[in-house]
Amino acid sequence: MYIASAAFLWGVAANLGRAAFTGRLLAQGRTLRPIDPLILSQSRTTFSFVILLLVLLLFRGRKSLRLPAADLVRMFVLGILGVAASNYLYYLAIQRTNVATAIILQYTAPVWVLLYTFVRGLQKPTLQRIAAVALAVSGIALVIGIFSSGGFRLDSIGVLASLAAAFSFAFYNIGGHSILARYDRWTVLLYVILSASLFWLVVNPPWKIAAAHYSNAQWLFLLAFSLISVLAPFSLYFAGLQHLEPTRAIVVSCLEPVFSIVIAAVVLGELLRPLQTLGIVLVLVAIVIVQLPDRKTQQEIPLVEPME
């Protein structure tokens with residue numbers, strides 16, 4: 001229930017992002033000036049960091065947040081190459097294509113993690129895992145329209161951004177697995193969004209933000225968006241992990257693309273062609289297969305936690 005609720009909130013966030021990029025945030029035909037994917041990514045990490053820092057200091061104290069310098073460096077790398085990159089690329093993909101394409105391609109991250117373990121010799125390419133990769137690749141081809149009668153119609157930058165977001169997401173999981181095993185998830189989340197926030201301050205400093213002249217309504221939306229897309233769903237997701245095995249948690253979190261696509265169809269009118277729908281189903285099946293333990297070794301792929 002907790003993880004399903006978190007998946008629903010992430011689905012809502014994906015559609016709010018799409019609405020923000022297209023200026024359709026307000027009801028009754030009114031519009032709000034579109035928000036750039038960069039400021040959406042920057043504000044959600046910055047607001048989330050400030051709020052989470054205050055909460056952790058209040059309930060846990062300063063000592064609980066101290067980490068060795070070597071691990072701080074690792075978390076900063078994860079925050080920049082994992083969180084900041086995947087967030088921006090994901091929202092850029094939503095802006096350039098649609099919610100369904102962006103989220104389903106990013107959700108192939110477990111497949112790329114699996115391929116990495118093959119190359120490194122960490123896991124053997126069993127029939128189950130090879131089938132998962134084949135399903136995922138086939139699903140991707142159907143989603144982006146390679147086999148459609150009208151040819152490839154999607155924005156190429158958006159598709160590439162979606163795949164790059166998946167690779168970045170996979171990097172976060174590969175690089176962060178050992179850190180997540182040694183530290184509290186909230187502490188890890190705090191430091192990775194801190195590093196992402198600092199990175200965005202360099203890329204998009206305060207005077208550039210001020211020059212954009214965002215309205216009070218837009219800033220209020222950005223604050224609410226950080227709560228809906230980061231703090232609230234992560235609270236639910238972490239609570240759910242206490243009651244579910246990692247594999248089951250991942251299977252339940254696969255509801256996120258389902259929620260996102262259904263909401264996009266109902267609210268934003270983003271309807272899918274039959275072949276795209278089939279492709280999405282294939283990718284979701286592949287993700288579930290990837291996360292299932294191998295029948296012989298009972299090994300699982302490391303838990304992939306959403307970072308949308």
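## A walk through the aromatic pairs and helix α12

Start by selecting Phe221: at 12% relative accessibility, this residue counts as buried. Keep in mind as you go that the model is predicted.

Now add Phe225 to the selection. Phe225 is buried too, with a relative accessibility of 1%. Both residues sit in helix α10 (residues 216-241), four residues apart, which puts about one helical turn between them. Show the side chains and you'll find an aromatic pair: the ring centres are 5.7 Å apart and the planes make an angle of 35°, which counts as tilted.

Which other residues join Phe221 and Phe225 in a cluster? Bring up Tyr90 and Tyr91, since ring pairs link these two with Phe221 and Phe225.

Time to zoom out. Colour by secondary structure and you'll see helices but no strands: the chain has 13 helices and zero strands. Of its 308 residues, 51% count as buried. Switch on a surface, and about 14,100 Å² is exposed, with carbon and sulfur atoms supplying 68% of that area. Contacts tell you about the fold as well: among those with a separation of 6 or more, 85% are between residues 24 or more positions apart.

Back to the rings. The chain has ten aromatic pairs in total. For another one, select Phe8 and Phe259: their ring centres are 5.5 Å apart and the planes stand at 90°, so this pair is edge-to-face. Phe8 belongs to helix α1 (residues 2-22) and Phe259 to helix α12 (residues 255-268), so the pair ties together parts 251 residues apart in sequence. Are these two rings buried or partly exposed? Phe8 is partly exposed at 39% relative accessible area, and Phe259 is partly exposed at 25%.

Stay with Phe259 and select the whole of α12. This helix has 14 residues and spans 19 Å from its first C-alpha to its last, close to the 20 Å expected at 1.5 Å a residue. Next, pick out its buried residues: Glu256, Pro257, Ser260, Ile261, Ile263, Ala264 and Leu268. Turn the view so that you look down the axis of α12: the buried residues fall within an arc of 165°, so they line one face of the helix.

For the last stop, step just past the end of α12. There you meet Gly269, with a positive phi near 75°.

Key:
Residues are numbered from 1 along each chain as its sequence is written. This is a predicted model: local features need pLDDT of at least 70, side-chain atom pairs count only at pLDDT 80 or more; totals for chains, interfaces and linings use all residues. Side-chain values use heavy atoms; hydrogens and water are left out. Helices (H or I, at least four residues) and strands (E, at least two) are DSSP runs, numbered from the N terminus. Buried means under 20% relative accessible area, exposed over 50%, partly exposed in between (1.4 Å probe, protein chains only). Contact means heavy atoms within 4.5 Å. Accessible areas come from the Shrake-Rupley method with a 1.4 Å probe; for residues, only the protein chains shown count as cover. Rings of Phe, Tyr and Trp (its six-membered ring) pair if their centres lie within 6.5 Å; planes under 30 degrees apart count as stacked, over 60 as edge-to-face and the rest as tilted. The expected span of a helix is 1.5 Å times one less than its number of residues. The arc is that of the directions from the helix axis to the C-beta atoms.
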